[in-house]
Amino acid sequence: MTSLREAQRSRSGSNILIAVAEEEDSHEQLYDDGVALTRQYEATRTNLDDLATAISKLQRAVELTPKDHPDMALRLTWMGYSLWLRSERTGNLQVLAEGISAQQRALEFTPEGHPDMAWRLANLGTSIHSRFEHTGDLQDIAKAISMKSRAVDLTPGSHPNMAERLANLGSSLWSRFDSTGDLQDLAEAISAQQRALELTPLGHPSMARRLAGLGTLLWSRFERTGDLQDLAEGISAQQRALELTPEGHPDMASRLAGLGASLWSRFERTGALQDLAEAISAEQRALELTPEGHPDMALRLHGLGASLWTRFKRTGDPHDLVEAISTEHRALELTPEGHPDMALRLANIGCSLRSRFDRTGDLQDIAEAVSAQQRALELTPVGHPAMALRLANQGSLLQSRFERTGDLQDLAEAISARQRALELTPNGHPDMAAQIANLGNSLQYRFKRTSDLQDLAEAISGGQRALELTPEGHPDMALRLSKLAFSFQSRFLHTGDIHDFTEALSKYRTSANYTFGPPDIRLRAAKDWAELLEGHNPGSPDILTAFDTALRLVTLTTTLDQVLENRYSRLVDTSGIALQAASSAFKFERVDKALEWLEQGRCLVWRQLTSLRTPLDELRRHDGHLADRFLELSKRLEGAGSVRIAARSAMSMSEKTSLEDQARDHLRSASEWDDLLAEIRATPGFERFLEPSPWYSILPYLPKAGHVIIINVDARRCDAVVLSAGRSTLLHIPLTSFSLAKCNQYRKDLTNHLQAHDYRERGRTVAMAPERGDEFRGVRKLNHATVQDILRGLWQDLVKPILQTLAIQKILSSPTALAAAPRIWWCPTGPLSFLPIHAAGIYTSESTECVLDYAVSSYTPTIAALIDRVRNTRPIQMDVSGLFMTCQSSAAGASHIPGTTTEVQSIYNLATKNGLRAERFDGGAITPATCLDSMEKFSSIHLACHAYQDATNPLESRFLFHKGSLDLFTILQRNLKDADLAFLSACQTSTGSEKLPDEAVHLAAGMLAAGYRRVVATMWAIQDEHAPHVAKDFYQYLLKHRDPAHASGFDGTHSARALHHATQELRSRLPLLL
């Protein structure tokens, strides 16, 4: 609103003397009081009571002022202004109409040539503009522009209000552009706003507002033309505006919202997640500052909902989608019927519901989405610039429903909507490429259904045209390349034209290697590239190139900027790629490449966790500052990554804002991490810091007298790779009798068997499966598969061929023979990770032959994990050497396990009898916190208790105590630099997640990540009565074989042999035990 103070100054400076009667004193006082209260409200825009009183006084003053009074126009103007202020705060159109009426009357009282004509025209133009924003009536915005233009024309160039009037004119021109798409209006708006800024001196209180206005205009031009320079300048102006806006300023919320919209647009164009995080943070802060009932509440909710939906599309975080839909529903509820933004909000909720449909398949969602989008189209006037986009969205929704139902009518309507959208999109519009690509996608679907080659030809032609129009660096380039590749592939499969085959391969390759594209889109392209070659040119060495690209991209889909829960959920979609790649490498006799990929593409999150805890001795010797930065950033990322995602529906806006700030800091820390790694790797001697080592470089660090065996299980073939100490080459063993089908069946049968007999939890002693309901029908249909059958199959088809190739002989039954027995570190992949390779064998009442007879077995999640342990071996300090133990027999919510008390008591007696430094606590005598303290003081621990595994967020996995629980994340926070052996006498501590067979998602791996060099764990429950015997035999062996030079010390060097011994002892007591 143009300053009314100008007129007030003119009035107070008048030398006209007026005879004042008592009544005039009354209307003078009312007027003065009304103006004062209006200014008081204007300063803070918070106390509506002040404004209401001001309006009342000004209205009464006008009533009491004679029509021929020289100040009648001035008083009408102030009354109109105060009413406009209230309408801006409340959204009440009736109040706004009264304000406009007062200002129109003020103009009627103002003669042509009057010095106040310009500012009264400008004020009335502003009020009519406000009405346009509520009604969308183009006649109103035309009147507003006309009045503001006249005001500018009547204002001398040097007038102090020229800048304000130019800025206001620019605002109205922009609003008309927003409704009509007329670029001439936008160009004039930018010109007016730039002139206004040039006339605004530094330090002027309106500088921030004008910068914000210019930022919005430049953002609008970017949206129309795609010129990134406009967007960069717009964001810079908005950021400067915010810097100049003091906390508590009434315009802070609108400026934050404006910056959020611009940052969102830049993300859409560049794919930079940091921009999107900043946008959401700004929009949440804007909402937090917006009071309930504010007319802009719906607008700000709409902006935040759109940003959350956009992030869901990029990251797949379902919490963002839930929050987006909730936010958009609230925006819709707050939008009155007839509001010009109703169509926009309906369109947005339609897009979000479509995303939920894509995720859940709920047809109700897609029906509501189509209905909302249809209403949006009905409310969009002919010629509106958003019409094309809304038609395109309707096409997307109808196509989604077609994909689910197969209704060709939906597809026909989708194509029609997209064709109309394309016709309405002007040449040069930044959406042109998307419109063409979307239409081609629909035609591709129709071809799939009808086999009409004309549709496919048009889809290919459109895809090529869309690529030509897509600027370099655009994040959608990778997707458009991939879609075009699929179209070429479809035509090749239909016609056999080799040119189409070549084009498909070329486009897939380019998409996979397009640096600016989202990693998941590029990964899909790399997989399609490899599959197309394998299916139609299986001898091509490019298959290896395609898989190499895919494996590199897998690591980019699960990065440190995501919380663990999201990293694991994203890995579900990529599980198995490393195994497929290795299978192809074996086919090409590239055993080295197979091993590299199996190491690179498995246990990704586990490797990230361990990389954050990498020993820094060498780096610290070279550059202590770099090491300190690495350590500080590692701790920050470890903490940020382990945050548990909570439902946001019950959170306050301030809590959501705080959570978003944390996420933004997390993203920034991940970016700093990438930069720091690049800096370290640029340092001579650290070029491969935290990168997987080439296979030949790890050979010197292999454990002595043993074999490390990684087994790949794929649908096409199964193979083993053996690395042996003293051997300079890799040994490849094809497993021709084993298969993925067998492996999956064994896993299924074993899982059913364990569930039927309650062997998943320590403390359960059911020997026979009781009668169950329908949910256990599968158990009774196992075709009599037993554990013996599974172990026999593993022995005959998997383990025995490996042992025979290695020429490993049976261990003689003597203590000295066991001490010299060969070691095997098994590294299984895929579903094989759930099967007990170490127990494979033939078990009958007459005789047995099993792995235990040939070697001492251990497991490692990756070869790198084992190598790191060997490479970083150091002696245990005598002041921490010893054994800490605790039994927790009665944790809340878990079954009673009295055997744990017997178990720990027997171990403690054994330890003290042998002079070992030992400490024990039972039940409620210890808390998780004091247990942690003891873990720092003792190199080895023995936990006899229940455990809970969280496959979604492994750092939430925990050991259950009488008084609370001890989670893995808390353990990781401690400095366990002397950790050696952890004996986890708890259920399923080495059982992973079926959805993530190649991720070490279990407590045993977690304890390795925490620093323990050796971990004893269980794949399922051990009966409570047997556990004490196994544990006692285990520790007896360790104590008997300690180094005589350190007789009072304790370490787990021989833990694998000790467990082997304890297992054999149990077998001798229970001959038929499996």
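## Exercises on cavities and unusual backbone angles

The second largest cavity of this predicted model has a lining made up of Tyr568, Trp606, Leu609, Pro954, Leu955, Leu968, Ala1000, His1002, Ala1005, Gly1006 and Ala1009.

**Exercise 1.** Describe the second largest cavity by its volume, by the class of its lining residues and by the helices that supply them.

*Solution.* Begin with the volume, which is about 60 Å³ for the second largest cavity. Next, sort the lining by class, counting Gly as polar; the result is nine nonpolar residues, two polar residues and no charged residues. Finally, assign the lining to elements: helix 29 and helix 41 (1003-1010) each contribute at least two residues, and helix 41 makes the greatest contribution, with three residues.

**Exercise 2.** Find how many cavities of 30 Å³ or more the whole structure holds, and work out what surrounds the largest cavity.

*Solution.* A search of the whole structure gives three cavities of 30 Å³ or more, and the largest cavity among them has a volume of about 110 Å³. Its lining consists of 15 residues, of which Thr574, Ser575, Gly576, Gly601 and Asp998 are the closest to the centre of the cavity. Turning to the elements, two or more lining residues come from each of helix 25 (542-557), helix 26 (564-574) and helix 27 (577-587), with helix 27 providing the largest share, namely three residues. The last step is the class of the lining, which for the largest cavity comprises eight nonpolar, four polar and three charged residues.

**Exercise 3.** Locate Cys603 in the chain, examine the sign of its phi, and decide whether Cys603 is buried or exposed.

*Solution.* Start with the position: Cys603 sits in the loop that runs between helix 28 (591-600) and helix 29 (604-611). Then take the backbone angle, where phi of Cys603 is near 50°, a positive value in a residue that is not glycine. For background, most residues other than glycine have a negative phi. To settle the last point, compare the relative accessible area of Cys603, 3%, with the cut-off for a buried residue, under 20%; Cys603 is therefore buried.

**Exercise 4.** Determine where Ala807 lies and what value its phi takes.

*Solution.* First place the residue, since the backbone angle is best read in its setting: Ala807 belongs to the loop between helix 35 (787-806) and helix 36 (815-820). Then read the angle, for which phi of Ala807 is near 55°, again a positive value in a residue other than glycine.

Definitions and conventions
Residues are numbered from 1 along each chain as its sequence is written. This is a predicted model: local features need pLDDT of at least 70, side-chain atom pairs count only at pLDDT 80 or more; totals for chains, interfaces and linings use all residues. Side-chain values use heavy atoms; hydrogens and water are left out. Helices (H or I, at least four residues) and strands (E, at least two) are DSSP runs, numbered from the N terminus. Buried means under 20% relative accessible area, exposed over 50%, partly exposed in between (1.4 Å probe, protein chains only). On a 1 Å grid over the protein atoms alone, a cavity is a set of points where a 1.4 Å probe fits but cannot get out, and a pocket is an open set with protein on both sides within 12 Å along at least five of seven lines; lining residues have an atom within 4 Å of a point. Grid points are joined across faces, edges and corners, and a volume is the space filled by probe spheres set on the points.
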